[in-house]
There are 4 protein chains.
Amino acid sequence: MSISGKIINDPVYGFIRFPEPELMVVVEHPWFQRLRHIKQMGMAHLVYPGATHTRFHHSLGACHLMGKALDELKLKDIAHSKEEYISARLAILLHDIGHGPFSHALEHSLVEGVNHETLSSLIIQRLNVQLNGLLNTALQVFDHAYPRQYLHQLVSSQLDVDRMDYLNRDSFYTGVSEGVIGYDRILQMLTVKNNELMVEEKAVQSVEKFIIARRLMYWQVYLHKTVLGAEQLLVNILKRAKELAKAGYALFATPALHYFLYRQLSLNDFITTPSNLDLFCTLDDSDIWASIKVWATQDDVILSRLCSMIMERNLYKTILTSESVENLEEEKRKKLKNKWGYTDHELNYFVCSGSTSNHTYNMQDEKITIALKNGNSCDISQIDNTLINQTLARPVHKNYICYVHS
Amino acid sequence: MSISGKIINDPVYGFIRFPEPELMVVVEHPWFQRLRHIKQMGMAHLVYPGATHTRFHHSLGACHLMGKALDELKLKDIAHSKEEYISARLAILLHDIGHGPFSHALEHSLVEGVNHETLSSLIIQRLNVQLNGLLNTALQVFDHAYPRQYLHQLVSSQLDVDRMDYLNRDSFYTGVSEGVIGYDRILQMLTVKNNELMVEEKAVQSVEKFIIARRLMYWQVYLHKTVLGAEQLLVNILKRAKELAKAGYALFATPALHYFLYRQLSLNDFITTPSNLDLFCTLDDSDIWASIKVWATQDDVILSRLCSMIMERNLYKTILTSESVENLEEEKRKKLKNKWGYTDHELNYFVCSGSTSNHTYNMQDEKITIALKNGNSCDISQIDNTLINQTLARPVHKNYICYVHS
Amino acid sequence: MSISGKIINDPVYGFIRFPEPELMVVVEHPWFQRLRHIKQMGMAHLVYPGATHTRFHHSLGACHLMGKALDELKLKDIAHSKEEYISARLAILLHDIGHGPFSHALEHSLVEGVNHETLSSLIIQRLNVQLNGLLNTALQVFDHAYPRQYLHQLVSSQLDVDRMDYLNRDSFYTGVSEGVIGYDRILQMLTVKNNELMVEEKAVQSVEKFIIARRLMYWQVYLHKTVLGAEQLLVNILKRAKELAKAGYALFATPALHYFLYRQLSLNDFITTPSNLDLFCTLDDSDIWASIKVWATQDDVILSRLCSMIMERNLYKTILTSESVENLEEEKRKKLKNKWGYTDHELNYFVCSGSTSNHTYNMQDEKITIALKNGNSCDISQIDNTLINQTLARPVHKNYICYVHS
Amino acid sequence: MSISGKIINDPVYGFIRFPEPELMVVVEHPWFQRLRHIKQMGMAHLVYPGATHTRFHHSLGACHLMGKALDELKLKDIAHSKEEYISARLAILLHDIGHGPFSHALEHSLVEGVNHETLSSLIIQRLNVQLNGLLNTALQVFDHAYPRQYLHQLVSSQLDVDRMDYLNRDSFYTGVSEGVIGYDRILQMLTVKNNELMVEEKAVQSVEKFIIARRLMYWQVYLHKTVLGAEQLLVNILKRAKELAKAGYALFATPALHYFLYRQLSLNDFITTPSNLDLFCTLDDSDIWASIKVWATQDDVILSRLCSMIMERNLYKTILTSESVENLEEEKRKKLKNKWGYTDHELNYFVCSGSTSNHTYNMQDEKITIALKNGNSCDISQIDNTLINQTLARPVHKNYICYVHS
């Protein structure tokens, strides 16, 4: 950080300030610095070469927006104690601390059955011990246990500062200008009633636009078929490596990655053996990438082929469709089998399928509430002439198939 | 790349096109793909967290500008054959292919005495063999051996598309808006006379602004004292690792890095043994970073301390000054020695100094020539009321000292 | 225009070129130059002070986008003759030539019963005579009479270059970043089948975003209640002035404005007496504003009060609502009447109401057709999981009331 | 202004706030609202069609920067009373209130011998009476009479918020991206010592860049030869109109313009007869433009020809050069005389010359002082390796000639 560790030049927002020493203690901690080496958008840079930004930068940006949100609320006489202000900032600063290498792409590959939010909570707890309780309140906000519940909504809901930052930032770094949202207008229109976060009625169009921008970013960028294919390839590489490890095959790996490859850790292992958490906190993209480059020359033909593919950007051909891909999958497998003689199990690494879904607006999740001019409030889907109706509230499911050309 | 491998969404320029299959063959080669994992600005992201962009992206951007430059020249009836057009694009596309991990930061650490331009030329030659002579003309342009010499000037001079791209791109990703240059206006004003690249007189102010923007980026960003300190730290880490390697100490390293750590290669080794070049072409930032994280837990206290420092962003304190730093260095060494009992040799890793210099405009380098309205031409420093006079043509030397707090 | 009359520096798109002499002949014509003095967004600058851009600039921008659209089609082997290319550019360049002072704000005030499209067509015809038939084809394109019908669709439909330019430009100049659209992506995805303009399926999200951006701009900017109030005030000023003129009251006015104030021209008058058209083509914002400033000191208390209000930005209080405003209007009139003793007729100038409506997507208008991957095509509202469904295709009606504080 | 009169959407800075009622009283005054109809850049929109922004918008922007500057000083413990804060904001808000139609273009045409700063001071005084002394302190700041002298330096010096706003704003609206300056960095580096405004040493490069950006904007934009020619044409139109008025010729004009055309007012007339000032405060661009359009059809062939020229953008051919234009002028006059038989006096309207000059850095004006790291301070031209040396401190003189083709 430039200028005495407190002002950062963020191309998205301009100069942003972190005057609170409590924040800088966390920012300078090696576990947080680690986020500098974890790409925000996984393998999306293979399609959008500008998208090399990191979880570190996103976390700082979201923390900046939290400060702005609380400043706006203060102008509306919704004031917070200094501790609340700092703790809300700490909670969002740390919200992604549990992400592993390549963010979502490997979320369920490296450590199965434990999502990044759970790891974030565990890491915040462990950090809190190191920092002598500095994060007590932040942890409550993060875990939705703090009495002023709207602070948690600012950290995690369908209109949180996390989404506001990542939509803007991902737009900026990918060059997909359509994801840009009017975050400043939305922040200005935030309010709190009955301990609930709301948006003033006159910002309905801005919120609609925010939701549509997210919808667009999902289908056009995050679930771009080539990105999806690249991330499946990465997932399959890890899967094969773990399979070989389990079979006793000696694989090169950085020591920390080696530990996770050759063990099958559960949530409980992280809770009962904190050193597992410490080791997790040393992993970043470089452990994976440096190992993949070695694996490309390894004996196992499946692993080496998959690794060469990703290094040469010779990715799976991917189809994303609302129709079934079952028949196509069968056909592709048959062709490949005939040609190369792979076993059915081995074929899984060269033809795979799955499904994905996205809500434009999720009625079951933390809702977006509108504070009406007449003093009442309602869900955004209840507003007159709203865009966000029952249709959009239904999730959209799509199937995908990834395969190599035979 | 999105949209069938030929259109890229570049946040700096918008959509850019690579319709030529000759270019795509190079872009898809693993040696070029490797540039995706080499940060354009080395360790500058420790000060400017947005600066995670890569040599890959810069190379594509510069190639785009080369296309625009040639298009503008064509409007002025300076036409090129298709082969010239493509070869000029190929030359700039490959101009940075010889960069190793962290770009300039480790340029003279990993392979001593061989700069990246020399390696680029060797790699282009080797690639040319693989590609059956596709790069014959590009290589001539790159090596300043092609008859139309201004094509080389577009690749490498004081007003080349390399600088135009990196100034704009580094500005964009650091958020230092002051580095933005009016590249489109300059491109429009390019012309060629007597086989020499020139700028029309009415663009003098734009060129002045370009030179001043570069001057600003050097002193404010590239030579930012904290960036300088971080890169010295990286250099010292490699130095120590090589020292330990030479002494027979067993260090963890990725196989490729291990090869270079435990050998002292000269230029000749690259020329006579092409496999050295091939191995070099597998190295990227991840080899270094993944190894540094392991070294931080290694036995050698000096190496482990240096690595912990960079991981925790606990960097050298750095002073950059036009005065001598000799006395200060002596004093700092004495203090540290008393406190920790390091030997004189070991102290070099915790107190080091050096000097750096930059020309605002270099009279000895490829000059910037102005095509005057009256039909004559002259060096930009000869123009009436120009900014670029003798004073600015003198190099500015500065000394720096990096040290740890005792 | 800078740089020899052919390159313009447009802050929205960068440098844009007009190399065709046929276009420059039109641009330099005083009727077209007149558009420099007609604000694109009428009185919106009273709310968005940056919105002082003009019909002139918008027309150039739309003409630039037309060129880009045709260039993209050419890449898809939908080529045009030079005459078609230029005529499509001419048609869009002239599409707003029929706008009078303050664009839409006074569209039905100065000349009743004649909309700006009709006037544009008449003026293009008259210009065509002056220019010896240069506009023959352009006129056909404009009037939807040219065989290649999609050229007209590019000029005027729900996805025309007119809308693409004004959404982007109005966003830029108002600072309402939410109106920004990915025009370059949409242009790249345009195609033509069976003489019909279509968009490729993979751009559906971009088109959705375009439609939502327009929806947002309508409700947030174009129909901003204060803008609406300011434009009603302007309408009422003209209405009162015409009323006084009809009653023989001697009003100051510029000669051209005087002519239109003291006459009640119909469409037929423009057709049969071309000099009426010529005179119309000398009117711009300055005629109205210069006169309003004088009227503010005129004897008639109603006219002078209305004019003072607009000069001091002491605008109507305006309510825009989906409910009826009838009762409120009655109440406001009663209050004002009691206080000031105005007649019922006079009260109309201080309390007025009306309704406005907007289609997010209009099923009756020129539709947006999607070229599906499977070779078929369909309306955008038929697409799977589309945003643009029956609900959004229904127009939204709102009532407004404008009144002065009593 | 949107959102209850206190927040403005400025495309240059985003949302800017004017929470102080004292400021809003001034903003809503008709004399200030008048600035909405005075173009910031005179006739520059004939070259840069985007440059239609107004003195109104610039004044708001500069006022915003003043607030930011004072906020930054406060972080450095240079605090101000609420009255000082508001008065400094009022002083800059009103600094251009004395501008007449087309800003600088007609500054010495309409009222000879009285510059706009003098008029601003007189108008602020008169406004102060109306507002019961609200502007007492602001007036002192404006007139350099307030004890904290650096407040005046922020309003008017070589590094004032006026220049910071207009460089950025003019860049934005013209599209000349090279004028963009890093105003936020400069504001952050401002400090005050011994009652003098200074910039911290580490911002030297940013200040250099600011000075070079201004230099570029002068020579490339403000003194663009076509702009210069267009403004000379405007000046000559007013000159001819006044000449005809003096000779008793009956010219159409709006009443306010008529008053100034048919009288020769001196500074004293404004001081002794305040109603002259009041009338001046009703003039804006529309009075001039509406009259010019009528004059184009007037009997006087000289006036009508000049007015047609500006309406049809058939401007003078202009040459700007460091050489003498005397011979060329003689030659052009002779040619025209032969062809049209104009008298020598009449010829002045079709061939005219003059000179203009600009300091890159003016040693005689309010200097830019650098606060050195070692505690001392010095002029920016004294800094080691500075750009701003004696050469640049010399004014650059150029001659111009404007003429019509014969």
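Among the residues of chain D, D:S286 comes closest to the axis of the rotation that relates chain D to chain C, with its C-alpha 2.2 Å from that axis. The rotation amounts to 180°, with 0.0 Å of shift along the axis, and it superposes chain D on chain C with an RMSD of 0.0 Å. This is therefore the relation of a two-fold axis. Copies are superposed by least squares on the C-alpha atoms of residues with pLDDT of at least 70 in both.

The model is predicted: local features need pLDDT of at least 70 and side-chain atom pairs count only at pLDDT 80 or more, while totals for chains, interfaces and linings use all residues. Residues are numbered from 1 along each chain as its sequence is written, and chains are lettered from A and ligands numbered from 1 in the order in which they are written.

**Contacts between chains**

Chain D contributes 40 residues to its contact with chain C, and chain C contributes 40 residues; two residues are in contact if their C-beta atoms, placed from the backbone, lie within 7 Å. On the side of chain D that touches chain C, at least two residues each come from β1 (7-10), α3 (30-33), α4 (55-75), α9 (161-174) and α16 (285-295) of chain D. Helices (H or I, at least four residues) and strands (E, at least two) are DSSP runs, numbered from the N terminus. The most is given by α16(D), with six residues. Because 100% of the interface residues of chain D are also interface residues in chain C, the copies meet through the same surface.

The contact between chains A and B takes 41 residues from chain A and 40 residues from chain B. On the side of chain A that touches chain B, the largest share, six residues, comes from α16(A).

The table sorts three contact sides by residue class. Ala, Val, Leu, Ile, Met, Phe, Trp, Tyr, Cys and Pro count as nonpolar, Asp, Glu, Lys and Arg as charged, and the others, Gly among them, as polar.

| Side | Nonpolar | Polar | Charged |
|---|---|---|---|
| Chain A, touching chain B | 17 residues | 17 residues | seven residues |
| Chain D, touching chain C | 17 residues | 16 residues | seven residues |
| Domain 1 of chain A, touching domain 2 of chain A | 16 residues | six residues | three residues |

**Domains of chain A**

Chain A is assigned domain 1 (2-223 + 360-393) and domain 2 (225-356), with bounds from an automatic or database domain assignment. The C-alpha centres of the two domains of chain A lie 30 Å apart. Their contact takes 25 residues from domain 1 of chain A and 28 residues from domain 2 of chain A.

**A helix pair between chains A and C**

Helix α11 (residues 204-222) of chain A packs against helix α11 (residues 204-222) of chain C at an angle of about 170°, and their axes are 10 Å apart. Axes are lines fitted to C-alpha atoms, for helices over the stretch in contact, and angles run from 0 to 180 degrees between N-to-C directions. The angle makes α11(A) roughly antiparallel to α11(C), a term for angles over 145 degrees. Among the residues that meet are A:I212, A:L216 and A:W219 in α11(A) and C:I212, C:L216 and C:W219 in α11(C).

**A sheet in chain D**

In chain D, four strands form an open sheet of mixed pairing, in the order β3-β4-β7-β8; two strands pair if DSSP finds at least two bridges between them. β3 (190-193) and β8 (377-379) of chain D stand at the edges with a single partner strand each, so one side of each is left without a neighbour in the sheet. Strand β7 (residues 369-371) of chain D is joined to β8(D) by three bridges, and the two run antiparallel. D:T369 stands opposite D:D379 in β8(D).

Conventions
Parallel < 35°, antiparallel > 145°, perpendicular 65-115°, else oblique.
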